[in-house]
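Q: I would like to learn how to read a protein model step by step. Please take one feature at a time.

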2 protein chains.
Amino acid sequence: MKPAPPKNLHIATRGTTRQMNRRVVLDLIRINQPISRADLARLMGTRRGAVSVLVNQLIADGAVFEGATGEAKRGRKPTFLYMDSRERCVVAVDIRPTRTFVMVTDLLGRQLASVTSYPTERDPKRFVAGLAKRIRALLAGHRDLGRCEGVGVVVPGMVEAESGRVLSAPNLGWRDVSLRESLAAAVDLPVQIEHSGKACALAQLWSTRDAGASGNFVYLNVSDGLGVGVVLGGRLVRGHHNIAGEFGHIPLNIDGPRCGCGAAGCWEVYVSNLATLSRYFGRDLRERPFPADAATLTIDDLITRARGGDAKALAALLSTGRYLGLGLGAVVNAIDPSHVYISGEVTAAWDLIETTVRAALAERVLTQSAGATPIVIVPPEQYPRLRGAAALIAAQSFAEHMSA
Amino acid sequence: MKPAPPKNLHIATRGTTRQMNRRVVLDLIRINQPISRADLARLMGTRRGAVSVLVNQLIADGAVFEGATGEAKRGRKPTFLYMDSRERCVVAVDIRPTRTFVMVTDLLGRQLASVTSYPTERDPKRFVAGLAKRIRALLAGHRDLGRCEGVGVVVPGMVEAESGRVLSAPNLGWRDVSLRESLAAAVDLPVQIEHSGKACALAQLWSTRDAGASGNFVYLNVSDGLGVGVVLGGRLVRGHHNIAGEFGHIPLNIDGPRCGCGAAGCWEVYVSNLATLSRYFGRDLRERPFPADAATLTIDDLITRARGGDAKALAALLSTGRYLGLGLGAVVNAIDPSHVYISGEVTAAWDLIETTVRAALAERVLTQSAGATPIVIVPPEQYPRLRGAAALIAAQSFAEHMSA
DNA sequence: CCAAATTTGTACGGGCTGCAGACAATCAAT
DNA sequence: ATTGATTGTCTGCAGCCCGTACAAATTTGG
């Protein structure tokens, strides 16, 4: 009789050392590709012999492949190593209240075909049916992209980690929808669902150069809602029920306007696109939900008007900027990140609102250094949310090569 | 020429496995002592031979010692192992705005002598001189306690990790005080300084049974200020500048009363002891700082009055309870902890305010499960802050046995 | 064109580690 | 006294990294 399994207690066995280094090698190849065995050894501070064994094992497992030989000023030319992402693709889906976006990427999250979008069907059942139909058609039309490894989906709401059920997505009106199960059955592919903020943070973590090294950052996605993802110590913070990071629903004012989540005065209510537009139209923010059919004007239009000299538009943006900075101050106080990444439509007006944001941040922050926390804008051209969706599948496919 | 050192990149070497298991064994002995080698092997799921080697090495290093043989129903009696905390002690110091508390503990944080306290001197230089004098006298009078391993100090403010300087402690009126350096010179002992919330969380982490296993919790200390410590994945969250976890300064209302930190409407302003007392006296919270000499009434007195039927006292407490729950909702949304620990004077009235706290928490939280997050009260008899101070030294002394 | 220098990737012995099973010591129950 | 169970140790084995040496590949210098 084998002894009881060590539950949640990291005992190191003979193979643990190999596993750890295997992971490091795979990470380094992913980040620095193309790279040679000798360069890996230099980066890791080990001998070339050690990495050769690891690399050859990864090649045998199909995680890595040898490409063309590289150039060297003197001496034998190195053989470059690449992540093996050939003939495999991922479907990334971004569900938003108004429209749903679909993209095909490779295993590294690189775009392989143009992004398509269509209006979001609010009924879960019909939504799944429509999405599955589009995914099947997309893959049938692009057989050259290789085998599809899975579908990654980001939603503006909370997701249960194990089951992939959407617990609550107020902006979609969804509650307890078993999205993963039904979609997986409809497309006959592995499906991963995650909160948009968490997924964006995950993608950012993956594409960061110094992977794992002091990875303490916060990712903010400002759009219909306010999605936040937190990475601490190189790991995405999930919390006990996988609902950590909901900074969008910390209060700016507990007596403020009501939020879709049921509470009052959440940060999200002050900085979402809807909030900015409502402010422009002079409506009371308390009249939420704002009638959607009346809002033909988009945030992009608003920014254009602000640049064109519309004082009311500029004021609405600056007001959003101020609230953004105030809430950011709370986040910085709580997390003390080394960076803050922000994406979303409103970042197109960053040059207009930056000083306002920073001033508001400094107002609430406890030290000068915290007030100087670098803010990095992630431009919409990078499709951060779709990249996050792709990362969900890529990370999983990656993990398979870790333990084997 | 050795290759460059692997910067922030966890490469596993030959000895890494041993180090990891050494750590696990030491942790298990600390938590479960007294324990035998055979029981350790069962807990870890390894063979007895493996743990024997580890244990004997720890004994040789003086981290662990063999005690009396234990009892067994059948077979050979096991030899119990203990953390070697004999003839070593730690001085724990809790600096609070009104009084400073001092206690002597062993390396496990167990109280060895009665707690003493004296009024806090606000001038840093004179404070250090007075504290050093008392520590020297205390140790001279208790030579039976063995060699002092160091002095752990908790302060209500931010501390720079490397230098041990107090960056800012508004409630003490301190700013950029090099406390560790000066105190270490005055008492000629190692000194560790830390924020009270972080230290309490650290102590809680250490005394928790399942060390490291899904250690996701938040520690709240409600007293003169609001000290918060966060533990995620079994690790204390420090952040980039060691100022993470300052949830005391997230806003409940950005237009609220001014806080000592410079911002407005911080959670701390609504739930600190001063806030509760001010509410009882009917003063406007905006008149901060409250005149200290006028406040001869303590929170404990207030609670006594509330129990005696003083409706105003009860109302003040319930109001604090409501704000406590509202802020707690923000913390739970952000961190999604498995537990919340709360200590501080006001917890003596927990039976009076619990339902109010829970109702307010549920109001702001996003899921039902999050609203049911267990709240554990840490009673003042356990001296949580002093235990936290002791843990600072114990953890360090512990770490020395990890790598060697 | 050839030899020296340089770089890459591989091969082999050594040391450290955990793994598995056997063994002596110890103690209660029979 | 015998039996059976339990503890702690010991010994051979396999896995892994470390250090060194070595062949292959390529540029540089004459």
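The dialogue below goes through the features in turn.

Q: What kind of model is this, and how are residues and chains labelled?
A: This is a predicted model, in which local features need pLDDT of at least 70, side-chain atom pairs count only at pLDDT 80 or more, and totals for chains, interfaces and linings use all residues. Residues are numbered from 1 along each chain as its sequence is written, while chains are lettered from A and ligands numbered from 1 in the order in which they are written.

Q: How are chain A and chain B related?
A: Copies are superposed by least squares on the C-alpha atoms of residues with pLDDT of at least 70 in both. Here a turn of 180 degrees, with a shift of 0.0 Å along the axis, lays chain B on chain A with an RMSD of 0.1 Å. The two copies are therefore related as by a two-fold rotation axis. In chain B, the C-alpha of B:N253 is nearest the axis, 1.9 Å from it.

Q: How many residues does each chain give to the contact?
A: Two residues are in contact if their C-beta atoms, placed from the backbone, lie within 7 Å. Chain A gives 59 residues and chain B gives 59 residues. Helices (H or I, at least four residues) and strands (E, at least two) are DSSP runs, numbered from the N terminus. On the side of chain B that touches chain A, the elements giving two or more residues are α1, α2, β8, α10 (311–335), α11 (350–364) and α12 (368–371) of chain B.

Q: What classes of residue make up that side of chain B?
A: Ala, Val, Leu, Ile, Met, Phe, Trp, Tyr, Cys and Pro count as nonpolar, Asp, Glu, Lys and Arg as charged, and the others, Gly among them, as polar. The side of chain B that touches chain A has 31 nonpolar, 21 polar and seven charged residues. Of the interface residues of chain B, 100% are also interface residues in chain A, so the copies meet through the same surface.

Q: Which residues come nearest to DNA strand D?
A: A residue is near a molecule or strand if its C-beta atom, placed from the backbone, lies within 6 Å of it. Around DNA strand D there are 31 residues, of which A:R76, B:G49, B:S52, B:G75 and B:R76 come nearest. At least two residues of this surface come from each of α1 (16–32) and α3 (48–60) of chain A and α2 (37–44) and α3 (48–60) of chain B. Its residues are six nonpolar, 13 polar and 12 charged.

Q: Which residues are closest to DNA strand C?
A: DNA strand C is surrounded by 29 residues, and A:G49, A:S52, A:G75, A:R76 and B:R76 are the closest. For this surface, α2 (37–44) and α3 of chain A and α1 (16–32) and α3 of chain B each supply at least two residues. The division by class is six nonpolar, 12 polar and 11 charged.

Q: At what angle do α1(B) and α3(B) cross?
A: Axes are lines fitted to C-alpha atoms, for helices over the stretch in contact, and angles run from 0 to 180 degrees between N-to-C directions. The axes of α1(B) and α3(B) cross at roughly 75 degrees and come within 10 Å. That makes α1(B) roughly perpendicular to α3(B); angles under 35 degrees count as roughly parallel, over 145 as roughly antiparallel, 65 to 115 as roughly perpendicular and the rest as oblique. B:N21, B:R22, B:V25 and B:L26 of α1(B) make the contact with B:V51, B:L54, B:V55 and B:L58 of α3(B). By class, this contact has six nonpolar, one polar and one charged residues.

Q: What is the strand order of the open sheet in chain B?
A: Strands of a sheet pair through backbone hydrogen bonds, either parallel or antiparallel. Two strands pair if DSSP finds at least two bridges between them. In chain B, an open sheet of three strands has the order β7-β8-β9, with antiparallel pairing. β7 (158–159) and β9 (174–177) of chain B stand at the edges, each with a single partner strand, so one side of each is left without a neighbour in the sheet. Strand β8 (residues 166–169) of chain B is joined to β9(B) by three bridges, and B:V166 stands opposite B:V177.

Q: Where is the peptide bond from A:Q33 to A:P34 cis, and what is its omega?
A: Most residues other than glycine have a negative phi, and most peptide bonds are trans. The bond from A:Q33 to A:P34 is cis, with omega near -5 degrees, and A:P34 is in the loop between α1 and α2 of chain A.
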